[in-house]
Amino acid sequence: MNEEIDEYDIYHQDFTTASDWEVLIARIEEIVFEWRLAKSKLLKRSEYTKKWITKSEEIIFRGSRYTLSYHALEPSKSENVGNDEKSLLSELHEGLWNSTANFMDDSDGSPFPVSQWFGLKRYLMLCPESPLVDGSLIRLIMSSVNIAFANIDCGVAFFVKVREHWQHSYLGIFEDNEHKVSFNTIHLKRISNQCSHLSGLVSLFKSKIASPVPLDAVVLATKFSYELKDLDSFAWKRESFSNEFLSIDGFDVKKLIELPFGSENNPLQSAFLNAIWPRFLECAIVESSKFSDIDPIMAPTWTITLKLKNDLSCQLSEIIGKVMGLLDNNYLLMDTLGLSKSLGLVNPLNKITEAPITISKLVKAAVGRNTQTSEFKGPISDDLLMPLLYYVFPDAVEDNNFSYSDNLEIDSKKDSNEPKLCSYVKTSPKDGLVWRLSVTAARLMDAGGLPYLAHFWYEFIQELRYRWEHRVLVPGVVEGEPNARTCLLHQKLQLLNCCIKRAQGGSNNTTGNSSDEEFFDCSENEEIDDQLPWDRPVGRLHRLEDVTLKNGAPLYIPRTQDPAPKTEDQLEEDAELMVRLGDDAKASELRAKMMSASLLSDMEAFKAANPGSELCDFVRWYSPRDWKPDNGGSLGDRMLLPGNPWVEAWNVARPVPAARQRRLFDETREAEQVLHFLRSRTVGAVAELLLPAILKAGALKAISEGVTATSSSIGGVDKRRTFEIAARELFDAEKEACRSICMRKVLGSSAEGQPLDAAGRTRILSAMGGALPAPTRREFTLRVKDEVAPQVMRAALSNDMTIVGAFTERTVCL
C-alpha cells in the first residue's frame with residue numbers, strides 16, 4: 001500500500017544560508033580590506049620610528065566577543081617604497097633574523113610580545129575577550145583565519161591569542177605564493193626532560209625544520225639570569241636628620257636648613273644579573289642532562305637590572321606626608337597649646353552648641369580682661385627656640401649669619417624654559433622668610449609632633465605682632481603689594497608690610513581718613529579756622545603737559561589715594577559677594593558702588609584740583625580711550641550708554657582732596673585682620689599655608705640630588721588636589737634618586753641594562769662571595785638559515801617553560 005509522504009515532514013538543509021563560520025570569515029575579510037592590508041595595496045616603508053599605532057574592530061562569533069587589531073610601527077618618512085610579495089617576505093625574514101639579537105623578556109613598546117619575539121614591524125592580532133582554551137574552537141578559528149588570509153591575499157602576519165591570557169600563547173601565519181611561515185607558541189607549567197637542557201632543545205629545533213639536506217651549524221644565544229638578594233655588602237649609609245637638631249648640645253641651625261632626602265635603609269630588594277653569550281655555535285658549548293660547561297663567570301657580557309622594595313620609605317616624603325596628614329584637622333592650632341581662650345579664639349563649630357550669653361559670663365569676661373595671665377611656656381625650650389627664631393628673623397640680632405638676600409626673586413614661567421619639579425605650585429622666594437618658616441615648621445613637626453609646630457607658629461605670630469606695634473618691617477619678603485603669583489602666606493606678609501610702611505609715614509601722607517565718620521584732618525601748616533574754600537584748587541600734584549580743561553583752564557593731575565592692596569583670598573571673597581548680591585536693579589546699583597569706590601575717590605580729588613571741570617576732562621586724564629577731541633573735547637560712545645556708573649559717580653562726587661577723604665586703605669584694620677587671620681587658623685589651614693614652600697624646597701632638594709626635572713602642568717583642580725599631585729611627584733622623584741644612588745653603588749660607572757666593565761664584575765663577585773647562586777631563568781635562542789629561509793626558535797626556562805618558533809616551509813614543489 002502506497003502512502004503519500006508529505007515532503008514538508010522531511011528535514012531540508014538550506015545550503016544558501018550563511019553559517020556563523022562563513023560570517024566570521026567574511027567579517028575578517030571586510031575589516032582587513034577596509035584597512036588596506038592586502039599585498040597589492042600595502043606599501044613598504046623604508047624607516048620606522050619606535051612609536052606603535054593601533055586600529056581595532058570588534059567581532060562577535062558564537063556569542064563571544066573578539067577584538068581584531070592592527071599594530072604597526074609609525075613610519076619616520078613620508079615616502080613609500082614599492083613592494084611585491086617577495087619584498088614583503090624578505091622584510092619579514094630580515095626582521096626575524098635581526099630579532100635574535102634580543103631576548104624574550106625585552107620590550108619594544110608593542111601591546112603584544114610577538115613583535116619582539118619575531119621582529120615584526122606590523123601584524124594583525126585576533127584576541128578573544130574570554131580565554132580560548134577549547135581545542136576544537138581553536139582549530140575552527142585558525143582555519144577561518146587561514147581562509148580569510150588567502151581570500152584577501154593579506155600582506156601582514158596574522159596571529160590569534162589562545163589559551164589563558166597570562167600564558168601569552170599565540171598562533172600565527174604568513175603566506176605568499178611559494179612560502180608559508182608558521183608562528184607557534186608552547187607554554188607548559190613544568191619543564192619536560194627533553195627541553196630542560198640545550199642538547200634537547202637543539203634536537204627539537206632540528207626536528208621541527210625537517211630539512212631534506214644537512215643543515216649548517218645552529219647559531220645560539222644564551223642568557224642566564226641570577227637574582228642577587230644578599231646585597232648588604234654594598235655599604236648603604238644615608239645620614240638621618242630626624243631628631244639631631246633638637247639636641248641643645250652643639251646645636252647648629254645648618255643641620256636644620258638641609259632637608260632630609262632618600263632612604264635611611266637600603267632600598268634595594270634584589271638585583272638581577274644577566275650572564276649573556278650573544279653568539280656561539282652548537283658545538284662550542286655542551287649542556288646536557290648529565291654535563292654542562294656553561295660557566296656564567298666566563299660569559300662575555302654581564303648586565304644588571306635593579307628591583308627596589310615596594311614599601312620603600314623615603315625621608316623627605318615622610319615629612320611631607322606628616323604635614324599633608326594635618327589637612328583634615330579642623331581644630332584650632334592654638335587648642336594644641338591650650339591658648340585659644342586666652343587669645344579670644346573660638347572654633348566656629350562650637351558656636352552651634354554654645355549656651356546663651358548670661359550676666360555671669362559677661363562678668364567673668366570683664367574680670368578676665370583685667371587679669372594678668374601667666375607667661376606662656378611651650379614645649380620647645382628657650383635655648384632651642386631662640387636660634388630658630390633668629391634664623392627666621394635674622395634682623396632681630398646684630399651678629400647673625402643668616403641674613404636675607406637683598407634681591408629676593410619670585411620664580412616665573414617667563415624667566416626660564418627649563419623644566420622644574422612642582423612648577424605648578426605657588427611658592428615664595430627661595431630662602432625667604434616663608435621658605436625658612438615652612439622648612440623649620442616641617443622639621444619640628446617631624447621631630448616633635450604637632451605641639452612643636454603649634455609653639456613655633458605661636459612665637460611667629462607674636463613676633464609679627466611686635467613688629468606691627470613697633471613699626472618694624474618683616475624681613476625676607478618681596479617688597480610691594482601682594483603678588484598673586486606667590487603663595488597665600490607670602491601675600492599676607494606682603495600686606496602686613498604694606499600696613500607697616502603706611503603706618504611709618506604717620507598722618508602726613510595723603511592716605512585719607514581711617515574713620516567711618518565724615519571729618520577731615522588738617523595739615524601742619526593749616527589751621528582749622530583757616531581752611532581753604534571749596535572753590536579754590538587743592539591737592540594738585542603737577543600740570544598735565546599743555547592740556548587744558550574744556551573751559552580753557554590748565555588741567556592739573558591731582559594727588560590721589562593708592563588703591564587698597566588685597567590678597568587672593570580677599571579678592572575671592574569680593575567675587576563671591578558680588579555673585580551673592582543677585583541680578584536685580586538694586587543689587588546692580590550696590591555692586592557698582594562697591595566697584596567704584598576708588599573711582600569716586602579719584603573723581604573727588606580731580607574736582608578739588610580742577611574747579612569747574614567736567615566729566616569729559618576727567619575721562620581725558622583717567623581713560624583717554626573714552627575721550628574724543630571733537631568740539632573741544634567730548635565723551636566717547638561707551639560713556640554715553642544709559643546707566644553708566646561713571647556718570648552717576650561724577651554727579652555725586654564732591655571736590656574733596658585726597659588728604660581729607662576717608663581712606664580706601666586702613667592700615668590698622670588690615671594689619672589686625674592679617675594677625676587675626678594667622679592666629680585663628682585651624683591645624684589644617686596652617687598646614688595649607690606651609691605646604692607650598694615645603695613642596696618647592698623638597699623639589700629643589702631633589703634636583704640637587706640629581707633628579708631629572710620634568711615639565712608638568714595641571715589645571716582645573718583645587719588646592720588640596722594640587723598638593724597631592726606635587727607630593728606624589730616628589731615621592732616618585734625621591735624613589736628615582738634612590739634608584740640612581742643604588743646604581744652608582746652597585747654598577748659604578750656602568751649603566752643599568754648595559755654591559756658591566758671589569759671593575760663592575762669584580763665588585764659584584766666580591767659582594768656575592770666569589771660565586772653566583774643557581775640561575776632563576778635560562779633563555780636560549782636558536783637560529784639557522786637553510787635553503788628555504790631563516791628558521792628561529794626561542795626557549796625560556798624558569799619554573800615554567802615557554803617555547804616560541806617561526807618556521808618557514810616551501811608550499812610549491814620544484
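Author: A salt bridge is a side-chain nitrogen of Lys or Arg within 4 Å of a carboxyl oxygen of Asp or Glu. Let us apply that to this predicted model.

Reader: Glad to. What makes arginine 62 and aspartate 20 a salt bridge?

Author: Their closest N and O atoms are 3.2 Å apart. The cut-off is 4 Å, so the pair qualifies. By this rule, the model holds 25 salt bridges.

Reader: Where in the chain do arginine 62 and aspartate 20 sit?

Author: Arginine 62 lies in the loop between strand 1 (48-61) and strand 2 (64-75), while aspartate 20 belongs to helix 1 (residues 20-34). With their positions 42 residues apart, the pair links distant parts of the chain.

Reader: Why is arginine 62 called exposed?

Author: Its relative accessible area is 54%. Exposed means over 50%, so arginine 62 earns the word.

Reader: And why does aspartate 20 count as partly exposed?

Author: Aspartate 20 has 36% relative accessibility. Partly exposed covers the range between under 20% (buried) and over 50% (exposed), so that value fits.

Reader: How do you know that arginine 465 and glutamate 469 meet in a salt bridge?

Author: The N to O distance is 3.9 Å. That is within 4 Å, so the pair counts. Both residues are in helix 11 (residues 450-469), and because they are four residues apart, about one helical turn separates them. Glutamate 469 is partly exposed, at 48% relative accessibility.

Reader: What makes arginine 728 and aspartate 732 a salt bridge?

Author: Here the closest N and O atoms are 3.5 Å apart, again within 4 Å, so the rule is met. In helix 20 (residues 719-747), these two are four residues apart and therefore separated by about one helical turn.

Reader: Are arginine 728 and aspartate 732 buried or exposed, or in between?

Author: In between: arginine 728 is at 47% relative accessibility and aspartate 732 at 35%, so both count as partly exposed. Elsewhere, salt bridges that share partners join Asp105, Lys223, Arg777 and Glu779 into one network.

Reader: How many of the residues reach a pLDDT of 70 or more?

Author: In the protein chain, 80% of residues do, and the mean pLDDT is 80. Over residues 348-374, however, the pLDDT is below 50, and this stretch has five contacts beyond near neighbours in sequence. Residues 507-532 also have pLDDT below 50, with 39 such contacts in the model.

Reader: Why be careful with coordinates where pLDDT is low?

Author: Where pLDDT is low, the predicted coordinates should not be read in detail.

Note on methods
Residues are numbered from 1 along each chain as its sequence is written. Side-chain values use heavy atoms; hydrogens and water are left out. Buried means under 20% relative accessible area, exposed over 50%, partly exposed in between (1.4 Å probe, protein chains only). pLDDT is the predictor's confidence in each residue, from 0 to 100. Contact means heavy atoms within 4.5 Å.
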